[in-house]
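Biologist: I should like to understand the reasons behind the terms applied to this protein. Would you take me through them one by one?

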Amino acid sequence: SKCAKLCSGSAENVSTRHEAEPVRADVKGTQHLRGRGRAGPAGGPAAGRAAARPGAMAKLLSCVLGPRLYKIYRERDSERAPSGVPGTPTSVTTPPSSSWDTYYQPRALEKHADSILALASVFWSISYYSSPFAFFYLYRKGYLSLSKVVPFSHYAGTLLLLLAGVACLRGIGRWTNPQYRQFITILEATHRDQSAENKRQLANYNFDFRSWPVDFHWEEPSSRKESQGGPSCRGVALLRPEPLHRGTADTLLDRVKKLPCQITSYLVAHTLGRRMLYPGSVYLLQKALMPVLLQGQARLVEECNGRRAKLLACDGNEIDTMFVDRRGTAEPQGQKLVICCEGNAGFYEVGCVSTPLEAGYSVLGWNHPGFAGSTGVPFPQNEANAVDVVVQFAIHRLGFHPQDIILYAWSIGGFTATWAAMSYPDISAVILDASFDDLVPLALKVMPDSWRGLVTRTVRQHLNLNNAEQLCRYQGPVLLIRRTKDEIITTTVPEDIMSNRGNDLLLKLLQHRYPRVMAEEGLQVVRQWLEASSQLEEASIYSRWEVEEDWCLSVLRSYQAEHGPEFPWSVGEDMSVDGRRQLALFLAQKHLHNFEATHCTPLPAQNFQMPWHL
């Protein structure tokens, strides 16, 4: 479809901005700035102007403290959302884009002040990341003495005052712009009253998401308020790593001995580790990608009628989401919702949402905590809290049944997808593209061998992405997509396809679900099949063992009819060696598809297929 092709091309340079046409200022929001004197109280024009001053000063203060405005989407002809879709705002038709979309054009004063403040923000970010080295250097040079710190604090205070003055000048520039005054009036009205009309008007603007009102709260579903076992303010439940030595309790002396290692692991995880694992959370990278993200978001809104929403997770983080509704189209797959979980440097604006969009599905994209409009930091607990509120939003606000929801994840997004599948077992299916079983082997790959103990301890305690363990607790259909030239989740070189951790994810899943089939003979033949680097080699191995698919299907269906669908199955217990080999190869082929590409190549829509199930 047209919108998906445009979304997949969002990584191109931002096109030339259109000249903004004047937008009529909202009467309710700006009349007090121009006409209050004529319609003033009985005291005459002078009294009217005096009465207008407090309102004008309040509007000026709102412009000084207001968010940055990036783009204005022109008013569109609206129509009601289809019946039976509870709680959704009105959907809109799409006129020709040239007649209704425009970038916001700030006045000169606002534009230059914004540039100064943006530059100061970049310098502050650089200073923050380099502060440990700077403090060490200043200490060695003797610059941290009181006699030298006091003058420095004076300089810093003067700089802060100058920046505050620049912010006030920016506010004056905004105040003189009728477009911004109209926007700030609508924003304030929406914060006071989140009616459907106010939200519809606010959706015509793209601005700093921190000022966007919350659309959905994690406690909003009534079942959450009544449940005693649901998520608390501390977060949802995660699978914890098992202790190395069972049955032994740590004494006080043991805890004291472990304390230095635990402190070191904490510092590594919260400084270098988290930023290496999720580079998309680094402010400087987001700043560099901002034009591309704005363009990608504009295309989702303009071409696909996407609706943005802010969700409040149980840990207080605000999650930025984008929903594209295809339920009103003629395509049957539009009745299914695909929740997309992005990679460690992926954003829904330019991420994997383009694949299910092009395939015709309804799509809900969201950004990791700390990515773009989402707040917080992307640690496993925060990630699980975020995807939990996303699924709740899809069920209770968008009106999708769990049986109509598909989880689609790329790369590191497999952690949140497998957690959601484990926690919401009625979800229809899980599709994992270029994902892995466990983070530890990949972390050891990029770190020195001498750090092996520290890396393993840090990952297990603070960054434990145990995808395979979570996936094995899901009972529904699963499809794994392996990139044959993947350079990220291989532990040696991309050409060594057996070092792809997607293989281990498949083997652990099959061994859990079909332990008798995946005994020594079945495991060996599946490893041979995984070593195949082309479709021809796969077919050769498949035909060598004379796999009869009809026989395999009849065996599995007979077992399911007799014992039920719950895994693990004991099928293959009384089967011959050749039978187990055939069944193992059949199951491996049904659960894993190869895609000849590198890690970051977008997945074509024709490769986005529903998982196999009996």
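Modeller: The discussion below treats the chain as a whole, then one loop residue, one helix and one pocket.

Modeller: Please keep in mind that this is a predicted model. The chain has 614 residues, 48% of which count as buried, and it holds 21 helices and 14 strands.

Biologist: Why is Asp-215 called buried?

Modeller: The relative accessibility of Asp-215 is 11%. Buried means under 20%, so Asp-215 at 11% counts as buried.

Biologist: Where does Asp-215 lie, and which residues is it in contact with?

Modeller: Asp-215 is placed in the loop between β5 and β6. Apart from neighbours within four places in sequence, the residues in contact with Asp-215 are Gln-194, Lys-199, Glu-220, Arg-308, Ala-309, Lys-310 and Arg-397.

Biologist: Which residues of helix α19 are buried?

Modeller: In α19, which spans residues 535-544, they are Glu-538, Ile-541 and Tyr-542.

Biologist: How do you know that these buried residues are on the same side of α19?

Modeller: They cover an arc of only 100 degrees around the axis, and therefore they are on the same side of α19. As a general rule, an α-helix has 3.6 residues a turn, so residues three or four places apart point the same way. Leu-536 and Arg-544, on the other side of α19, are exposed.

Biologist: What covers the buried residues of α19?

Modeller: The cover includes the helices α18, α20 and α21, together with the strand β14. After α19 comes Glu-546, with a positive phi near 50 degrees.

Biologist: What makes you say that the largest pocket lies between domain 1 and domain 2?

Modeller: Domain 1 covers 108-203, and domain 2 covers 212-222 + 255-476. Because both domains give residues to the lining, the largest pocket lies between them.

Biologist: How many residues line the largest pocket, and which lie nearest its centre?

Modeller: The lining has 48 residues, and those nearest the centre are Tyr-70, Asp-208, Arg-210, Lys-287 and Met-290. Elements giving two or more residues to this lining include β1, α5 and α10. The most comes from α4, which gives eleven residues. The space in the largest pocket is about 1600 Å³.

Biologist: What classes of residue make up the lining of the largest pocket?

Modeller: There are 19 nonpolar, 15 polar and 14 charged residues in the lining.

Terms used:
Residues are numbered from 1 along each chain as its sequence is written. This is a predicted model: local features need pLDDT of at least 70, side-chain atom pairs count only at pLDDT 80 or more; totals for chains, interfaces and linings use all residues. Side-chain values use heavy atoms; hydrogens and water are left out. On a 1 Å grid over the protein atoms alone, a cavity is a set of points where a 1.4 Å probe fits but cannot get out, and a pocket is an open set with protein on both sides within 12 Å along at least five of seven lines; lining residues have an atom within 4 Å of a point. Grid points are joined across faces, edges and corners, and a volume is the space filled by probe spheres set on the points. Helices (H or I, at least four residues) and strands (E, at least two) are DSSP runs, numbered from the N terminus. Ala, Val, Leu, Ile, Met, Phe, Trp, Tyr, Cys and Pro count as nonpolar, Asp, Glu, Lys and Arg as charged, and the others, Gly among them, as polar. Domain bounds come from an automatic or database domain assignment. Buried means under 20% relative accessible area, exposed over 50%, partly exposed in between (1.4 Å probe, protein chains only). The arc is that of the directions from the helix axis to the C-beta atoms. Contact means heavy atoms within 4.5 Å.
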